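This briefing covers three topics: a strand and its neighbours, an internal cavity, and one arginine in a loop. Please view the model alongside the text.

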Amino acid sequence: MTTTRRSSANGRTLPKPAAAYANLLARVLPQAREQRRWSPADGALPSLFVSHGAPFTLDDPQWLGDLFAWAQSMPKPRAIVVISAHWEQAPAVITAAAAGTPLYYDFSGFDPHYKTLPYATPDATDLARRLTGLLGPTPVHEFADRGLDHGAFIPLMAMYPAADVPVVQLSMPSLDPRALLALGARLRSLREEGILLLASGFMTHSFAVFRRPELVAETTAFDEWAVDALARGDVDALTDYRRRAPGAAVAHPSAEHFVPLLLTVGAADDPASAVSTIDRLVLGNSIRSVQLT
C-alpha cells in the first residue's frame, strides 16, 4: 500500500503520521477478523503487561507487527479489561461501555492526524457489569463520556485492529504496587472466562535518556533486573523496586508506568511464569512486554 507523504520545512518528504499503522491495517485486517475466538476448552487466558508507547508507536512497523503477532498467538478474547498508566483515580472507575465511545486523546505536541484515528469497539455492557460485580460491594462509577486513553487504545489498535472485541478500561485506584498486586488477584478469575487482562505501562520510562544517551546503561540495568525478578517470581522485589532495582531513579522517575506490571503479576496463577514477547530498546527505553499464566 502506498501512503500519503508530506513535506517538511526543508522540503524533505516525510511519511504521513501513522503510515505504518495504515499499512498494518491494509495487510492484516482479514486475518484479524478471522482470528479464532476463545472457547472454554482453551482454558484461562494469560495476563499481559504491554509497553504501549506514545503515538509514535503507530509509526514503528516492527512494534506494530510484534503486537499483532502477540495477539495472534492467543485465541481472540471474549472481552478485554485494560489498565493504563495514564488513568489514576480512586475509588476505581471505568470507561463508558457503549459501543463506539469516542477515544480520549490524552496527548499533545503530536501531529493532529493522530487525533483523527478511530478505534470504535463493540458494546461492553456485559463486561462492565461483570467487572463491577467483582469490585463490589462499593459501587463502581462509569464515566459515560470517557473513552479509552492512549495507553489503552494504541496497543489495542495493533493487537486487535478489527476493533471487534468489547473493551473496558479500569482506572488505577492507587500507584501503590501492593494495592495493584491485590487488584490483579481480584480480577484473576476473569481470565478463566476468556477475558483478557491487559496492564499497559512501559518497562522503562525515562525522558532523561533522550538528552543524555549514556543513561541507557541505567535503563538497561533496570530492565535486566526486572527480567530476573520476574523469572524468580520475586514479588517482594518487584513491589519494592524503588529501593532494590538498579537505575530505578532514571528508569522510573515516577511510578505510573511501572506499577501496572504488578497488576499483571497479581492476576497470574504463577508469578514466575513471565515470558517476554517483545524485547528491545526504543529511544533508550525498554519496550519489554510480558505475559504470565
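Strand β4 (residues 79–84) runs parallel to β8, and six bridges join the two. The model is predicted. Strand β8 spans residues 195–201 and is mostly covered; its pairings come first below, followed by the cavity and the loop residue.

**Strand β8 and its partners**
- Within the β4 pairing, S84 stands opposite S200 in β8.
- Strand β3 (residues 47–51) also pairs with β8 in the parallel sense, over five bridges.
- In β3, V50 is the residue that stands opposite S200 of β8.
- Seven of the seven residues of β8 are buried.
- From β8, I195, L197, A199 and G201 point one way, while L196, L198 and S200 point the other way, and all of them are buried.

**Cavity**
- The count of cavities of 30 Å³ or more comes to one.
- The largest cavity holds about 90 Å³ of space.
- Its lining consists of 14 residues, and A96, T101, T121, L148 and V167 are the ones that lie nearest the centre.
- Ten of the lining residues are nonpolar, four are polar and none is charged.

**R280**
- R280 sits in the loop between β9 (275–278) and β10 (281–282).
- The side chains of R280 and D60 are joined by a polar contact of 3.0 Å.
- Leaving aside residues up to four places away in sequence, R280 touches D60, Q62, W63 and D66, as well as N285, S286, I287 and R288.

How values were computed. Residues numbered from 1 in each chain as written. Predicted model: local features only at pLDDT ≥ 70, side-chain atom pairs only at ≥ 80, totals over all residues. Heavy atoms only, no water. Helix = DSSP H or I, 4+ residues; strand = E, 2+ residues; numbered from the N terminus. Polar contact = N/O pair within 3.5 Å; in protein donor to acceptor, adjacent residues only side chain to side chain. Contact = heavy atoms within 4.5 Å. 1 Å grid on protein atoms, 1.4 Å probe; cavity = no way out; pocket = protein on both sides within 12 Å on 5 of 7 lines; lining within 4 Å. Points joined across faces, edges and corners; volume = space filled by probe spheres on them. Nonpolar A, V, L, I, M, F, W, Y, C, P; charged D, E, K, R; others polar. Buried < 20%, exposed > 50% of the residue type's maximum accessible area, 1.4 Å probe, protein only. Pairing = 2+ DSSP bridges.
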